Every structure is written in C-alpha cells, then in structure tokens.
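Work through the exercises below with the sequence and the model open. Try each task before reading its solution.

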Amino acid sequence: MKTTVDIPDGELKDAIRFTNAKTKREAIVRAIEDFNRRMRLAALTRFAGTCPDLIAPEELQAARRRG
C-alpha cells in the first residue's frame, strides 16, 4: 500500500541505524513489524496465569515419575 508520511528526519535516521536497513522503506517496514510483534506479545501476556486447569511443571514431573 502506498502512503505518504512525514517522518521526522532524526527518527528515520535512528530507525535505519537500529534496524541496519539499507533503505528507508526497509527501516519503516521492520519498525512496523517489530511494533506489531511487541503488541501481539503484550496481548498474550494478559492471559498469563489465567489457565487454572493447566498442570504445574512440578506436578507433571511427579506424574511422570509415577509412571
């Protein structure tokens, strides 16, 4: 999708430097991908500890020892 965006020069230079991108487009795409990945992980962490039916690692090991 083509989009025209006014990105501050300093921010774009930092994005290029941090992503080791060869082009402006590559830096922007990498930054968006990283942002989306972080948001997906943040959404997943909201579910941490909300599965009371899951067995604890210690219980699993004990069950394996019992056979």
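The exercises go from helix packing to salt bridges, then to the surface and to separations along the chain.

This is a predicted model, in which local features need pLDDT of at least 70 and side-chain atom pairs count only at pLDDT 80 or more, while totals for chains, interfaces and linings use all residues. Residues are numbered from 1 along each chain as its sequence is written, and side-chain values use heavy atoms, with hydrogens and water left out.

**Exercise 1. Helix packing**

Task: Determine how the axes of H1 and H2 cross, and list the residues that meet.

Solution:
- Step 1. Helices here are DSSP runs of H or I with at least four residues, numbered from the N terminus. H1 covers 9-19, and H2 covers 24-45.
- Step 2. Axes are lines fitted to C-alpha atoms, for helices over the stretch in contact, and angles run from 0 to 180 degrees between N-to-C directions. The H1 and H2 axes cross at roughly 80° and come within 9 Å.
- Step 3. H1 is therefore roughly perpendicular to H2, a label given to angles of 65 to 115 degrees.
- Step 4. Contact means heavy atoms within 4.5 Å. On the H1 side the residues are Leu12, Ala15, Ile16 and Thr19, and they meet Lys24, Ala27, Ile28 and Arg30 of H2.

**Exercise 2. The loop between H1 and H2**

Task: Find the phi of asparagine 20 and decide whether this residue is buried or exposed.

Solution:
- Step 1. Asparagine 20 sits in the loop between H1 and H2.
- Step 2. Its phi is near 55°, which is positive although the residue is not glycine.
- Step 3. Buried means under 20% relative accessible area, exposed over 50%, and partly exposed in between (1.4 Å probe, protein chains only). Asparagine 20 has a relative accessible area of 60%, so it is exposed.

**Exercise 3. Salt bridges within helices**

Task: State how many salt bridges the structure holds, then examine those of arginine 17 and aspartate 34.

Solution:
- Step 1. A salt bridge is a side-chain nitrogen of Lys or Arg within 4 Å of a carboxyl oxygen of Asp or Glu. The structure holds four.
- Step 2. Side chains of opposite charge can pair when their charged atoms come close. Arginine 17 bridges to aspartate 14, at 2.9 Å from N to O.
- Step 3. Both of these residues are in helix H1, three residues apart, or about one turn. Arginine 17 is exposed at 51%, whereas aspartate 14 is partly exposed at 28%.
- Step 4. In H2, aspartate 34 pairs with arginine 37, with the closest N and O atoms 2.8 Å apart. About one helical turn separates aspartate 34 from arginine 37, because they are three residues apart.
- Step 5. Aspartate 34 also bridges to arginine 38, again at 2.8 Å from N to O. Arginine 38 and aspartate 34 are four residues apart in H2.
- Step 6. An α-helix has 3.6 residues a turn, so residues three or four places apart point the same way.
- Step 7. Asp34, Arg37 and Arg38 are thus joined in a salt-bridge network. Aspartate 34 is partly exposed at 27%, and arginine 37 is partly exposed at 40%.

**Exercise 4. A nonpolar patch**

Task: Identify which residues make the nonpolar surface patch, and place phenylalanine 47.

Solution:
- Step 1. Patches are made of residues with over 30% relative accessible area and no salt bridge; like charges are joined within 9 Å, and nonpolar side chains (Val, Leu, Ile, Met, Phe, Trp, Tyr) within 5 Å.
- Step 2. Leu41, Leu44 and Phe47 form the patch, of about 340 Å². Accessible areas come from the Shrake-Rupley method with a 1.4 Å probe, and for residues only the protein chains shown count as cover.
- Step 3. Phenylalanine 47 belongs to the loop between H2 and H3 and is exposed at 57% relative accessibility.

**Exercise 5. H3 and long separations**

Task: Count the buried residues in H3 and look up the C-alpha separation between arginine 64 and glycine 10.

Solution:
- Step 1. None of the 10 residues of H3 is buried, and the helix is hardly covered.
- Step 2. Arginine 64 is in H3 and is exposed at 62%. Glutamate 59, also in H3, is partly exposed at 44%.
- Step 3. The C-alpha atoms of arginine 64 and glycine 10 are 56 Å apart, with their positions 54 residues apart along the chain. For glutamate 59 and phenylalanine 35, 24 residues apart in sequence, the C-alpha separation is 37 Å.
- Step 4. Glycine 67 follows H3 and has a positive phi, near 100°.

Key. Helices (H or I, at least four residues) and strands (E, at least two) are DSSP runs, numbered from the N terminus. Angles under 35 degrees count as roughly parallel, over 145 as roughly antiparallel, 65 to 115 as roughly perpendicular and the rest as oblique.
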